[in-house]
Amino acid sequence: MNDKSDKTNATPFLTDIQELRRRARKHIEGGAVTAAYRGDRETVINLLNEALATELVCVLRYKRHYFMAQGIHAEPVAAEFLQHANEEQGHADELAGRIVQLGGSPNFSPEGMLTRSHSEYVEGQDLVDMIREDLVAERVAIDSYTEMIRYIGDNDITTRRMLEGILAVEEEHADDLAGFLSEMDKDFKRG
Ligand SMILES: [Fe+2]
Ligand SMILES: [Fe+2]
C-alpha cells in the first residue's frame with residue numbers, strides 16, 4: 001500500500017460501497033427509506049397525510065364549483081375549475097405514493113378529512129364568491145407547502161422536490177384565480 005491510497009482512505013467522500021450494499025440488504029424491509037434518510041419519518045408522513053386531506057378537499061370543492069358555475073363568465077372559469085380539480089387529484093396521488101414509499105399508509109378516510117385538511121370546503125354563493133373561496137384555499141395551500149418545504153430542508157430531498165413541484169402549481173392556480181377576479185372587476189366597472 002502506498003502513501004497515496006492511504007490519503008484517499010483517510011478522507012472518504014462516500015461511505016464504503018460494500019458497507020452501503022450491506023446496509024441496503026439489511027434494511028431491505030425499509031423499501032425506499034435507507035440509512036441516508038435523515039427526516040423524522042413519522043412527522044413527514046403525518047404532514048403528507050394532512051396535505052393529502054387538503055388536496056382531496058380541494059378536489060371536491062373545485063368539482064362542486066365546476067358543476068355549479070353559472071353566468072356570462074362561467075365557461076372559461078368552469079374550465080379552469082375542472083383543470084384545477086384534476087391537478088389537485090394529481091397532487092393527492094403523488095402525496096399518497098410518497099407516503100407509501102416512506103412506509104406509511106395514506107389516509108383517504110372521509111371521516112375527519114376536513115379536520116386534517118388545511119383548507120376549507122366552501123360552496124360559494126355565486127361565481128365571484130367561488131373564485132374568491134378558491135383563491136383563499138390556494139393561498140392557504142401555498143403557505144402550508146412553503147412551511148413543509150422549510151421544515152424538511154435537506155433531510156428528505158425527494159419529498160422536498162415533490163412538494164416544490166406541487167407548490168409551483170398552487171401558485172399558478174392562485175394566479176389564474178386572481179386574474180379572473182380582476183377581469184370580472186373590470187367588467188363590472190365598465191358595465
Ligand atoms: Fe394541489
Ligand atoms: Fe391548487
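## Iron site and the surroundings of Asp156

Glu170 is a buried residue, its relative accessible area being 1%. The model described here is a predicted one. Glu170 is among the residues that coordinate the iron ion (ligand 1), where it donates through OE. The other donors to this ion are Glu55, which appears twice through OE, Glu88 through OE, and His91 through ND1. The coordinating distances run from 1.9 to 2.4 Å. Along the sequence, the spacing of these donor residues follows the pattern E-x32-E-x2-H-x78-E.

A second iron ion (ligand 2) lies 4.0 Å from the iron ion (ligand 1), and Glu88 coordinates both ions. Glu88 belongs to helix 4 (residues 74-101) and Glu170 to helix 7 (residues 157-190), so the pair ties together parts that are 82 residues apart in sequence. Glu88 is buried, with a relative accessible area of 1%.

The report now turns to Asp156. This residue is placed in the loop between helix 6 (127-152) and helix 7. Asp156 counts as buried because its relative accessibility is 3%, and the limit for a buried residue is under 20%. Its side chain makes a polar contact of 2.6 Å with the side chain of Thr159. Leaving aside residues up to four places away in sequence, Asp156 touches Tyr37, Val44, Arg98 and Leu102.

The accessibility values of the three buried residues are listed below.

| Residue | Relative accessible area |
|---|---|
| Glu88 | 1% |
| Asp156 | 3% |
| Glu170 | 1% |

Notes
Residues are numbered from 1 along each chain as its sequence is written. Chains are lettered from A and ligands numbered from 1 in the order in which they are written. This is a predicted model: local features need pLDDT of at least 70, side-chain atom pairs count only at pLDDT 80 or more; totals for chains, interfaces and linings use all residues. Side-chain values use heavy atoms; hydrogens and water are left out. Donors are N, O and S atoms within 2.8 Å of the metal (3.2 Å for Na, K and Ca); water is not among the atoms, so sites may look incomplete. Helices (H or I, at least four residues) and strands (E, at least two) are DSSP runs, numbered from the N terminus. Buried means under 20% relative accessible area, exposed over 50%, partly exposed in between (1.4 Å probe, protein chains only). A polar contact is a pair of N or O atoms within 3.5 Å; within protein, one must be able to donate a hydrogen and the other to accept it, and residues adjacent in sequence count only if both atoms are side-chain atoms. Contact means heavy atoms within 4.5 Å.
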